Amino acid sequence: MRLTDVAIVGGGPAGLCAAIAASKLGARVVLVDDNERLGGQLVKQTHKFFGSKRHYCGTRGMDIAAILEQELRALPAEILPGTSVVGLYDRHPLATQPSPARPAPKTAQGDLFGSEPPAVAARGVLSLASREHFTKLGFKCLIVATGAAENNVLFSNNDLPGVYGAGAVQTLMNVYGVKPGTRVLMVGSGNIGLIVSYQLIQAGIEVAAVVEALPKIGGYHVHAAKLARLGVPILTSHTVLSALGKEQVEGAVICRVGEDFKPIARTSRKLDVDTVCLAVGLTPLSELLWQSGCRMVYVPELGGHVAWHNENMQTSLCHVYLAGDVSGIEEASTAMLEGRVAGAHAAAQVLGPSPESEQLIAESRAELCAIRKGPFGDKAACGKAKLAECAPLVGPA
Amino acid sequence: MRARTSRPKDKGQRTKDKVLGHRIDRHPILTFEERGPVSFTFEGQPMTGRQGETIAAALAANGIRLFRHTEKTGRPRGFFCAVGKCASCLMVVDGQPNTMVCMEPLREGVTVERQTGRGRLP
């Protein structure tokens with residue numbers, strides 16, 4: 001059984017940046033990811049990022065994944081790809097042995113790290129399963145960066161083969177070079193729906209239409225304009241009523257919806273498609289956080305239930321952190337910044353705060369604020385503000 | 001568990017499958033290197049995939065979308081999330097049921113079968 005300072009679950013943009021930050025500050029880091037390849041959802045993002053140079057603007061998502069992975073591999077952090085977390089314990093014998101190795105950090109900020117400094121070898125234990133091994137890993141701090149899962153939406157036959165999440169379509173096309181179908185109906189006109197529609201066309205697949213239940217397009221104008229120039233109809237105030245077919249999708253029925261989002265009679269029509277692609281939002285993958293016992297709060301703006309957290313990405317349990325989409329659905333740029341905050345703060349909790357850690361935390365927090373002040377940061381900013389209004393039940397105030 | 005009468009084993013269905021699934025031949029940004037072929041069987045039929053891809057990707061490239069039938073209602077299912085989160089893509093791989101094929105790497109000689117219900121442990 002091994003022991004590490006910081007265990008990170010998830011090797012996407014948030015987890016990679018957390019691992020880089022914590023490792024650079026001198027903490028022992030183990031990063032676990034269930035994929036064979038690091039980078040999370042970045043590996044299938046062929047579009048260039050917006051923002052400033054510091055946020056990798058002009059760089060394609062898949063290249064950012066490679067840059068971050070290279071940076072992490074140059075550090076002494078241990079990486080466990082192809083490994084799933086299958087258990088989380090806080091009362092494991094390993095978690096209660098006193099630590100002879102390193103004294104508890106002396107901090108002026110005792111409150112920040114909870115009233116009890118970590119005087120034990122480990123605060124918790126993860127069980128890890130890979131194809132070959134089953135092991136246990138003790139940790140002093142845990143950073144959950146598990147990301148999010150694609151939502152489905154209610155319509156008849158929404159479980160037919162050929163009804164795919166937008167992320168699944170991206171994986172199939174951009175990672176494996178396989179066409180998901182020949183003619184696609186895209187549901188949802190947020191940035192994911194628009195970008196994936198464009199990527200489908202780049203892969204030589206026809207997009208019959210993009211339907212959007214709201215009366216206006218959800219994503220950036222620049223993405224919508226690209227599709228419009230290619231002649232793809234973006235139908236606002238429209239929704240999908242059903243997928244047709246017995247064993248797989250052979251068509252779809254769409255219709256207009258009113259302001260109440262209810263279908264308007266006699267407006268339905270059939271589209272000849274073999275794939276229905278859903279880009280209707282994501283839900284944070286919070287299972288580990290639920291299990292850890294930290295306080296969970298329902299915040300619709302963040303995508304559902306999220307663990308309560310402060311600006312240091314610390315949950316109501318002072319040794320459990322979170323970063324990225326699991327803390328609220330946003331984008332890769334904010335995930336990377338949240339990862340840096342969580343990684344630096346966790347390292348400071350284990351090793352004691354340093355000027356470097358404080359600088360990294362302050363800088364990344366300022367950048368997060370700046371991004372969320374942008375026109376599309378409203379929703380997340382509003383969600384995070386709602387969280388701030390709730391008090392954690394236990395842990396740091 | 002309901003007996004299935006409409007499993008797509010008829011020829012018409014297969015022709016359709018062939019039309020549906022294929023690989024991207026030209027792409028403005030990406031290049032997909034031709035990695036070595038991997039032979040496997042699906043429902044007893046020999047098929048070819050590529051090294052480094054998942055079983056789900058190899059099946060999709062061969063035009064196979066129907067991966068299993070559900071236990072209670074016998075509904076057909078394929079993959080949905082393709083990243084190991086939704087469990088829609090459970091199949092019998094080398095006799096082992098409930099294998100998430102969207103995460104399972106394709107290996108030479110592997111046997112892949114559609115799963116019905118919960119499957120049977122070997």
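**Figure 1. Crossing of helices H1 and H7 in chain A of the predicted model**. The axes of helix H1 (residues 13-24) and helix H7 (residues 332-351) of chain A come within 7 Å and cross at roughly 35°; axes are lines fitted to C-alpha atoms, for helices over the stretch in contact, with angles running from 0 to 180 degrees between N-to-C directions. Helices (H or I, at least four residues) and strands (E, at least two) are DSSP runs numbered from the N terminus. The crossing of H1(A) with H7(A) is right-handed, the near helix being turned clockwise from the far one by less than a right angle, whereas an anticlockwise turn would be left-handed. Among the residues of H1(A) that meet H7(A) are Pro13(A), Leu16(A) and Ile20(A), and those of H7(A) include Met336(A), Glu338(A) and Arg340(A); contact requires C-beta atoms, placed from the backbone, to lie within 7 Å. By class, this contact has 16 nonpolar, three polar and two charged residues. Ala, Val, Leu, Ile, Met, Phe, Trp, Tyr, Cys and Pro count as nonpolar, Asp, Glu, Lys and Arg as charged, and the others, Gly among them, as polar. As this is a predicted model, local features need pLDDT of at least 70 and side-chain atom pairs count only at pLDDT 80 or more, while totals for chains, interfaces and linings use all residues. Residues are numbered from 1 along each chain as its sequence is written, with chains lettered from A and ligands numbered from 1 in the order in which they are written.

**Figure 2. The open five-stranded sheet of chain A and the helices lying across it**. The strand order is E8-E15-E9-E10-E11, with parallel pairing; strands pair if DSSP finds at least two bridges between them. Strand E8 (163-165) and strand E11 (234-236) of chain A each have a single partner strand, so one side of each is left without a neighbour in the sheet. From one strand to the next, the twist averages 25°. Strand E10 (residues 206-212) of chain A runs parallel to E11(A) and is joined to E11(A) by three bridges, with Val210(A) opposite Ile234(A). Helix H3 (residues 166-175) of chain A lies across E8 and strand E15 (275-278), at about 85° to E8(A). Helix H4 (residues 191-202) of chain A lies across strand E9 (183-187), E10 and E15, at about 170° to E10(A).

**Figure 3. Contact between the two domains of chain A**. Domain 1 (2-148 + 283-389) and domain 2 (153-279) have bounds from an automatic or database domain assignment. Their centres, taken over C-alpha atoms, are separated by 33 Å. Five residues of domain 1 are in contact with seven residues of domain 2. On the domain 1 side, one residue is nonpolar, three are polar and one is charged.

**Figure 4. Loop residues Phe261(A) and Glu43(B).** Most residues other than glycine have a negative phi. Phe261(A), in the loop between strand E13 (251-256) and strand E14 (269-271) of chain A, has a positive phi near 65°. Phe261(A) counts as exposed, with 10 C-beta neighbours inside 10 Å. Glu43(B), in the loop between strand E1 (37-42) and strand E2 (45-50) of chain B, has a positive phi near 50°. With 13 such neighbours, Glu43(B) counts as partly exposed. A residue is exposed if 12 or fewer other C-beta atoms, placed from the backbone, lie within 10 Å of its own, buried if 20 or more do, and partly exposed in between.
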